[in-house]
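The exercises below are meant to be worked through with the sequence and the model open side by side. Each task is followed by a solution that proceeds step by step.

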Amino acid sequence: MTFQGKPKFRHPSIPTNTLGFTRRDYEGSMSTLCAGCGHDSITAAIVHACFELALPPHRVAKLSGIGCSSKTPTYMLGQSHGFNSVHGRMPSVLTGAYLANRELAYLGVSGDGDTASIGLGQFCHVMRRGVRMVYIVENNGVYGLTKGQFSATADRGSKSKKGARAADEPIDLAALAIQLGATFVARSFSGDKGQLVPLLKAAFGHRGAAFIDVISPCVTFNNHEGSTKSYDYVREHNIAVSALDFITGREPIEIDYAEGAALAVTMHDGATIHLRKLDAEHDFSDRAAALTLLERCRETGEIPTGLLYLDDDVEELHDTLGTTARPLNALTEAELCPGAKALEAINRGLR
Ligand SMILES: Cc1ncc(C[n+]2csc(CCOP(=O)(O)OP(=O)(O)O)c2C)c(N)n1
Ligand code: SF4
Ligand SMILES: [Mg+2]
């Protein structure tokens, strides 16, 4: 069975957001993943973030590739647009949808196999183009769906369930995203909802390519001793470089941090990120510093989490291309097909 509905019953006093929706309105069908899979916690964090942001469900489009991680959009945002694409091809499908309609919020959900192996080329190009989206990799270091082979994010020397050692250098997707031009780059852990939810909310408020690499243990194939993607390993080696609170432009700002401890970043839509720096040395607005931090942690085996890099002065792809502000499906036939004379004029201009 691939689809299981959830019971419709809900408590009459269940909280609602400013649109009058309850959290249940942002859920999807029942998960069929293994009990304890990190991916289910990420689904819960996305539901939580979208509910608190009061995103109209019909204004969200969720897209994915293939894998246990790519199945998760079925378990969230049941009233949103959805497209489960081909393995590694979600970025180009998302780019096409975004170009056709800039008014939706785009959520791309992928796995480390889907993104860092078969989809690596697509990942690289979508990060460098200013596509406005939240791109999440649910990173467990293995191909969970096909029974636990090492993926390209498995750390060199880490041990598989059957005892084999990963021999190749790992791909650090957060470092790659920064190098390629993503303007919001974060890393988090599926077991840390307190960190992940505000990161997601801030990512939805970002005007360009927002990438979050979420370490998400696979309890069935990669949660043993010797794995660097297990719950125990991540908990022991996690160093949070920042903690944030995200406040939409609609809410009163009630956070009270000691001066010097927090930094407020106003986003283009009037929302504010309140960032507490936990690592005094890390400057999240400095691209080179973010890459240095990742390299430093690679050498020590630590996992830096939180907001790693942010550039809010973004030109998104629609600005670069000068495309129409209106969704293509809202244009009239006369606008879409201006006639033979207009086409002839364009052709003359190209000769
Ligand atoms: C073109 C193609 N090649 C290979 C596969 C087989 N396949 C399905 S899922 C998958 C890897 C999934 O790994 P990941 O993206 O890390 O997701 P996870 O299951 O770990 O969440 C592979 C290789 C496929 N479905 N399509
Ligand atoms: S195989 Fe691993 S990744 Fe897939 S659902 Fe089970 S625990 Fe999650
Ligand atoms: Mg995986």
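**Exercise 1.** In this predicted model, determine how many residues of strand S1 (residues 60–64) are buried, and which way their side chains point.

*Solution.* Begin with burial, for which a residue needs 20 or more other C-beta atoms within 10 Å of its own; five of the five residues of S1 pass this test, and the strand is mostly covered. Next, sort the residues by direction: Val60, Lys62 and Ser64 point one way, while Ala61 and Leu63 point the other way, and all of them are buried. This is the pattern to look for, since in a regular strand the side chains alternate between the two faces of the sheet.

**Exercise 2.** Identify the strands that pair with S1, and place S1 within its sheet.

*Solution.* On the one hand, S1 runs parallel to strand S3 (residues 105–111), to which five bridges join it, and Lys62 stands opposite Leu107 of S3. On the other hand, four bridges link S1 in the parallel sense to strand S2 (residues 81–84), where Asn84 is the bridge partner of Ser64. Extending this outward gives an open sheet of eight strands with mixed pairing, in the order S2-S1-S3-S4-S8-S7-S13-S9. S2 and strand S9 (238–240) are the edge strands, each pairing on one side only. Neighbouring strands in the sheet are turned by 20 degrees against each other on average, if direction is ignored.

**Exercise 3.** Work out whether the span of helix H7 (residues 193–205) agrees with its number of residues, and whether H7 is enclosed or open.

*Solution.* The 13 residues of H7, at 1.5 Å a residue, should span 18 Å, because the expected span is 1.5 Å times one less than the number of residues. The C-alpha atoms at the ends of H7 are 18 Å apart, which agrees. As to burial, eleven of the 13 residues are buried, so H7 is largely enclosed by the rest of the structure; among them are Gln195, Lys201 and Phe204.

**Exercise 4.** Describe the residues around ligand 1 and ligand 2 by class.

*Solution.* Of the 18 residues around ligand 1, those that come nearest are Gly67, Ser69, Gly111, Gly113 and Gly144. Helix H2 (68–71), helix H4 (112–118) and strand S5 (142–143) each give two or more residues to this shell, and H4 gives the most, with four. By class, the shell around ligand 1 has six nonpolar, nine polar and three charged residues. The surroundings of ligand 2 include Cys34, Cys37, Cys68 and Cys218, and its shell has eight nonpolar, four polar and no charged residues.

Key
Residues are numbered from 1 along each chain as its sequence is written. Chains are lettered from A and ligands numbered from 1 in the order in which they are written. This is a predicted model: local features need pLDDT of at least 70, side-chain atom pairs count only at pLDDT 80 or more; totals for chains, interfaces and linings use all residues. A residue is buried if 20 or more other C-beta atoms lie within 10 Å of its own, exposed if 12 or fewer, and partly exposed in between; C-beta atoms are placed from the backbone. Two strands pair if DSSP finds at least two bridges between them. A residue is near a molecule or strand if its C-beta atom, placed from the backbone, lies within 6 Å of it. Ala, Val, Leu, Ile, Met, Phe, Trp, Tyr, Cys and Pro count as nonpolar, Asp, Glu, Lys and Arg as charged, and the others, Gly among them, as polar. Axes are lines fitted to C-alpha atoms, for helices over the stretch in contact, and angles run from 0 to 180 degrees between N-to-C directions.
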